[in-house]
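Subject: Structure handover

Hello,

Here is the structure I promised you. Please open it beside this email and follow along.

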Amino acid sequence: MSLDRLIEGIARTNNPTVAGLDPKLEYIPDCILKPYIDQYGRTLEAAAEAIFTYNQGLIDALCDIVPAVKPQCAYYEMYGWQGVRALERTIRYAQEKGMFVITDGKRNDIGSTMDAYAAAHLGVTDVAGNGIEAFGGDALTVNGYLGSDGIDPVIKVCRQRDKGMFVLVKTSNPSSEELQDQAINEEPVYLMMGRQCEKWGEQLPGKYGYTGVGAVVGATWPQQLSELRYELPHTFFLVPGYGAQGGSAESVAGAFDKRGLGAIVNSSRAILCAWKKEGCPGEDYAQAARREALRMRDAIAAVIPVITLE
Ligand SMILES: O=c1ccn([C@@H]2O[C@H](COP(=O)(O)O)[C@@H](O)[C@H]2O)c(=O)[nH]1
C-alpha cells in the first residue's frame with residue numbers, strides 16, 4: 001500500500017531514475033513507423049502500432065538498468081482509442097519485464113469521479129460483478145487542488161491494491177511560481193500541499209520510511225527540492241525536468257536522503273531522442289536510449305549517497 005515496490009526496484013537496479021515514455025511520431029525511427037504506414041495508411045492505428053513497437057524496444061533495452069517507466073497519458077490520448085490501447089499494452093509490457101509503472105495522468109476531480117479514475121488507473125472496473133483491471137498501473141500522478149475528497153478515493157485503492165500516487169507539489173514549469181510560490185500565512189502554497197501529502201500519507205505507511213503518497217517536485221527547482229526533502233521526511237519525490245528542461249544531477253541532489261533514497265528522477269525526451277542527438281541510425285534508437293539512461297544514472301550516483309535500504 002505504498003511506494004515500497006518502487007523503492008525496492010531502485011535498490012535492485014541501484015538507479016533512482018525513471019524513463020518517461022512520451023512518444024511522439026517524430027521520435028520514432030522510420031524503420032519502425034514506415035512498415036505500419038504501409039500496412040494501415042497514415043492512420044491512428046498505424047501511429048499506435050508504431051508507438052507500441054517503439055516502446056517495446058525501449059523497455060527491452062532499459063528494463064535491467066532502470067526500475068520504472070512513466071508513460072504520460074497525453075501522448076497516447078492524442079492518438080485516440082488506438083493510442084489509449086497502446087498505453088494499456090505498454091503498461092502491461094513494462095510490468096512483464098519487471099518495471100514499476102507510474103501513469104502520468106495528473107488526475108483530479110470531485111470524489112465520485114475520482115472513484116472512477118482510481119478504478120481505471122490503479123484498481124479494477126466492475127462489469128456486472130466481474131472486476132477487471134482497465135490499465136493496471138502501479139502509481140498515478142494526481143492534482144491535489146480539489147482537496148481531500150479528490151484524494152481519498154485514490155488512497156482507498158492504493159491501500160487495497162498495494163499502489164501509490166504522486167501529488168503535484170512544485171511543478172517543473174517556469175510559471176509554476178505564479179500560484180505555487182504564493183504565500184498563505186507566510187508559507188508557500190507548494191509547502192502547504194507538501195504538508196498535505198505527509199498527512200494523506202499517514203494512511204499508507206511504507207517499510208522504508210516513505211508512504212504511498214509521493215510528491216511531484218521539479219528538477220528545475222533545486223532550492224525547493226532541498227527544502228521539501230527536509231520538511232517532508234516521509235514523502236517520496238517524483239522529480240521531472242531533468243535533461244530537456246535543464247535539470248541536472250547537481251540540481252536534483254537535494255531531493256535525496258542519507259540512504260540515497262527519497263526520490264526518483266524522470267527523463268523523457270533526452271532518453272527518447274538520444275538516437276537523434278547522437279546522430280546514430282534509427283535502428284540503434286533503443287541502445288542510444290540505454291546509453292543516455294546509463295549516463296543519467298552515473299551522473300546522479302556521483303552526487304548522492306550510496307543507495308541502501310537499511
Ligand atoms: O512538474 C512536472 C510534472 C510532470 N512533468 C512531466 O514529466 C515529463 C518530462 O518530460 P521531459 O521530456 O523529460 O522534459 C513530461 O511527461 C511532463 O508532462 C513535468 O515535466 N513537470
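First, a definition you will need for the helix crossings: a crossing is left-handed if the near helix is turned anticlockwise from the far one by less than a right angle, and right-handed if clockwise. Helices (H or I, at least four residues) and strands (E, at least two) are DSSP runs, numbered from the N terminus.

This is a predicted model, in which local features need pLDDT of at least 70 and side-chain atom pairs count only at pLDDT 80 or more, while totals for chains, interfaces and linings use all residues. Residues are numbered from 1 along each chain as its sequence is written.

The barrel

Eight strands close into a barrel, and their pairing is parallel. The order is β1-β2-β3-β6-β7-β10-β11-β12. From one strand to the next, the twist averages 30°. Two strands pair if DSSP finds at least two bridges between them. Take β3 (residues 100-107) and β6 (residues 139-142): they pair in the parallel sense over three bridges. Opposite T103 stands L140 in β6.

Helix α3 and its partners

Helix α3 covers residues 44-62. Three helix pairs involve α3: with α2, with α5 and with α14. Axes are lines fitted to C-alpha atoms, for helices over the stretch in contact, and angles run from 0 to 180 degrees between N-to-C directions. Angles under 35 degrees count as roughly parallel, over 145 as roughly antiparallel, 65 to 115 as roughly perpendicular and the rest as oblique. Residues are in contact if their C-beta atoms, placed from the backbone, lie within 7 Å.

Start with α2 (residues 30-40). Its axis is 9 Å from that of α3, at an angle of about 150°. That makes α2 roughly antiparallel to α3. The crossing is right-handed. On the α2 side, the contact residues are I32, L33, Y36, I37, Q39 and Y40. They meet E45, A46, E49, A50, T53 and Y54 in α3.

Next comes α5 (residues 80-96). The axes of α3 and α5 are 8 Å apart, and the angle is about 15°. That makes α3 roughly parallel to α5. Again, α3 passes α5 in a right-handed crossing. The α3 residues here include I51, F52 and I59. Among those they meet in α5 are R85, R89 and Y93.

Last is α14 (residues 285-301). Its axis comes within 9 Å of the α3 axis, and the two cross at roughly 45°. That makes α3 oblique to α14. This crossing is right-handed. From α3, the contact uses G57, L58, D60, A61 and L62. From α14, it uses Y285, A286, Q287, A289, R290 and A293.

The ligand

Which residues come nearest to the ligand? They are Q72, T171, P240, S268 and R269, of the 17 residues around it. A residue counts as near if its C-beta atom, placed from the backbone, lies within 6 Å.

Best wishes

Methods. Two residues are in contact if their C-beta atoms, placed from the backbone, lie within 7 Å.
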